[in-house]
Each structure stands twice: as structure tokens, then as C-alpha cells.
Amino acid sequence: MVARPNPPFALNLRRMLSATPERVFRAWTVPGELQKWWGPGEFTAPQVEIDLRVGGKYRIAMKPPQGDIVYLGGEYREVEPPHRLVFTWQWEGDPAVTLVTLEILEHEGMTELSVTHERFPDQRQCELHKEGWSATLEKLPRVL
Amino acid sequence: MVNKMSSKLDATFSALADPTRRAILDRLGKRECTVGELAKPFPISLPAISKHLSVLERAGLISRQRMGRRQVCRLKVEPMRRASEWLERYRAFWEARLDALEAHLRNSPRE
């Protein structure tokens with residue numbers, strides 16, 4: 001089937017969660033919390049570093065069941081607890097920088113979490129990042 | 001090889017980031033068109049349309065061919081397919097993450 005340009009050049013997922021917005025925001029931003037749900041499934045997250053502020057960086061070690069650790073990292077662009085978090089997303093060794101936007105809204109006692117993942121958010125930023133990476137990583141698309 | 005594929009995807013998504021270009025691709029998805037036909041529905045000038053077409057061509061999303069006095073534009077499906085694949089991989093990834101988040105929140109309600 002031919003992929004159509006309308007709508008998806010960005011991905012958006014939504015979930016209704018039985019938790020307060022504050023709780024949901026914490027799950028994304030406290031390293032001990034993030035590790036508990038980022039890990040289970042195909043891979044674990046043995047190491048999580050988070051510097052939660054605009055311009056601050058995060059780095060997550062992701063270990064697949066078989067194979068080497070791959071590192072995911074990026075920078076926080078917007079930090080507005082508990083409702084909004086925007087950060088770049090980059091697999092170490094891959095020049096591509098993408099952008100993730102979280103919107104966390106209370107809705108009738110539940111919390112709606114919206115995750116938007118966009119490719120190529122900022123050309124200039126992407127160019128700057130490209131200059132930094134020289135290593136080539138073999139395995140990383142396979143974890144997806 | 002990762003870098004080459006990555007920059008191709010970048011070019012695709014960058015080309016797709018504009019609504020006029022998306023509309024152009026949508027029309028070409030139905031059938032090939034001349035530049036004149038593509039320009040008609042838009043309230044922007046022909047040179048502006050031409051600029052968009054250049055972006056799409058450089059991204060490998062369309063091809064242009066001169067036929068007499070007219071230029072015919074055609075959609076090239078491979079980059080779109082790759083972009084679509086990228087999105088689907090990430091969709092699967094995120095669905096799994098959010099399932100895990102849901103379970104985590106359910107299992108530790110008092111934190």
C-alpha cells in the first residue's frame with residue numbers, strides 16, 4: 001500500500017491513565033520511576049540520567065535481551081510540570097534528531113497522556129548534531 | 001550506511017513538513033499532473049509552487065519530466081514507503097512503552 005502524506009509525518013498516541021497528571025509527569029522525569037516501565041518487555045534500562053530543565057540533558061542506557069547496550073539521549077526543550085514536556089530524541093551514533101512532545105491533561109478524574117513523535121524538528125539543530133557524531137552503531141534500529 | 005539512510009529520511013520528513021507540499025503529494029498520489037495543473041488550486045504564485053516542487057524533487061519524492069511545452073510531475077513511492085515504515089516502527093515501540101507505563105501506574109498507585 002502506498003503511504004499517503006496526510007496525515008502521518010508525525011506520530012501521535014494517546015492513553016487515558018488512572019493517575020494524576022503529577023504522577024504521570026513523575027513517571028517520565030524521575031530516573032528511578034522511568035526505569036520501572038521503560039525497561040520491562042524486550043529490553044531493560046540499567047542506567048537513566050535526567051537533568052530536568054530547559055537545555056538539560058537526559059541519557060538512557062537500553063539493553064536488549066541479546067546484544068550491546070544502546071544509548072538514547074537528548075535535551076529538554078520545554079519543561080512545564082505536570083502538563084507539558086518536550087525533548088529531543090537521538091540514538092547515540094545516529095545523526096537523526098527527532099522531537100517528542102508529551103501533553104498530560106486531567107480529564108474527568110483521569111489523565112490523558114498524548115505522545116507526539118516528530119521527525120526532523122529543527123534543521124539547524126539537526127545540522128549541529130550531525131557534526132558531533134562520528135561513530136556508527138550497527139544494531140540500534142533492531143531494538144525497535 | 002546508517003547516515004545515508006538517515007539523511008534520506010530527514011529529507012523526506014522535511015519535505016512533508018509543509019502543508020502545500022503534502023497537498024501536492026496527495027494529488028500526485030492519485031495521478032500524475034503537469035506543473036500548471038498542480039498550481040491551479042493554490043492561491044500562491046507559480047514560482048512559489050516551483051520552489052515546493054524543487055524541494056520535493058531533491059527529496060526524491062517526485063520526478064519531473066519535460067513533455068513538449070509542459071512539465072509532468074510524478075510521485076516516487078519509495079521514500080514515502082520508507083517514511084511510513086519508520087513511523088510504524090516507532091508506533092509499535094511507543095505502544096509497548098505506554099502499555100508498560102499503564103501497568104506500572106496500576107501496580108504502584110500510591111506513589
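Trainee: In strand β7(A), which residue is the bridge partner of Leu17(A)?

Mentor: This is a predicted model, in which local features need pLDDT of at least 70 and side-chain atom pairs count only at pLDDT 80 or more, while totals for chains, interfaces and linings use all residues. Residues are numbered from 1 along each chain as its sequence is written, with chains lettered from A and ligands numbered from 1 in written order. Strand β1 (residues 10–17) of chain A runs antiparallel to β7 (residues 110–119) of chain A, joined by eight bridges (strands are DSSP runs of E, at least two residues, and helices of H or I, at least four, numbered from the N terminus; two strands pair at two bridges or more). Within β7(A), the residue bridged to Leu17(A) is Thr111(A).

Trainee: How many bridges join β6 of chain A to β7(A)?

Mentor: Strand β6 covers residues 98–107 of chain A and runs antiparallel to β7(A), and here Val100(A) has His117(A) as its bridge partner. In their hairpin, which has two residues between the strands, Glu108(A) takes a positive phi near 50 degrees. The number of bridges joining β6 to β7(A) is ten.

Trainee: Which element gives the most to the largest nonpolar core?

Mentor: That core (buried Ala, Val, Leu, Ile, Met, Phe, Trp, Tyr and Cys joined through C-beta atoms within 7 Å; buried means 20 or more other C-beta atoms within 10 Å, exposed 12 or fewer, partly exposed in between, with C-beta atoms placed from the backbone) has 25 residues, and Val24(A) and Trp28(A) are among those with the most contacts inside it. Elements giving two or more residues include β1, β6 and β7 of chain A, together with α5 (77–107) of chain B. With four residues, the element that gives the most is α1(A).

Trainee: Which residue stands opposite Ser63(B) in β3(B)?

Mentor: Strands β2 (residues 62–67) and β3 (residues 70–75) of chain B run antiparallel and are joined by six bridges. Two residues lie between the strands of this hairpin, where Gly68(B) takes a positive phi near 70 degrees. Opposite Ser63(B) in β3(B) stands Arg74(B).

Trainee: What is the radius of gyration of chain B?

Mentor: Chain B has five helices and three strands, and its C-alpha atoms fill a box of roughly 70 × 35 × 20 Å along the principal axes. For its 111 residues the globule rule (2.2 Å times the number of residues to the power 0.38) gives 13 Å, and the chain is well over this, so it is more spread out than a compact globule. Taken over C-alpha atoms, the radius of gyration of chain B is 20 Å.
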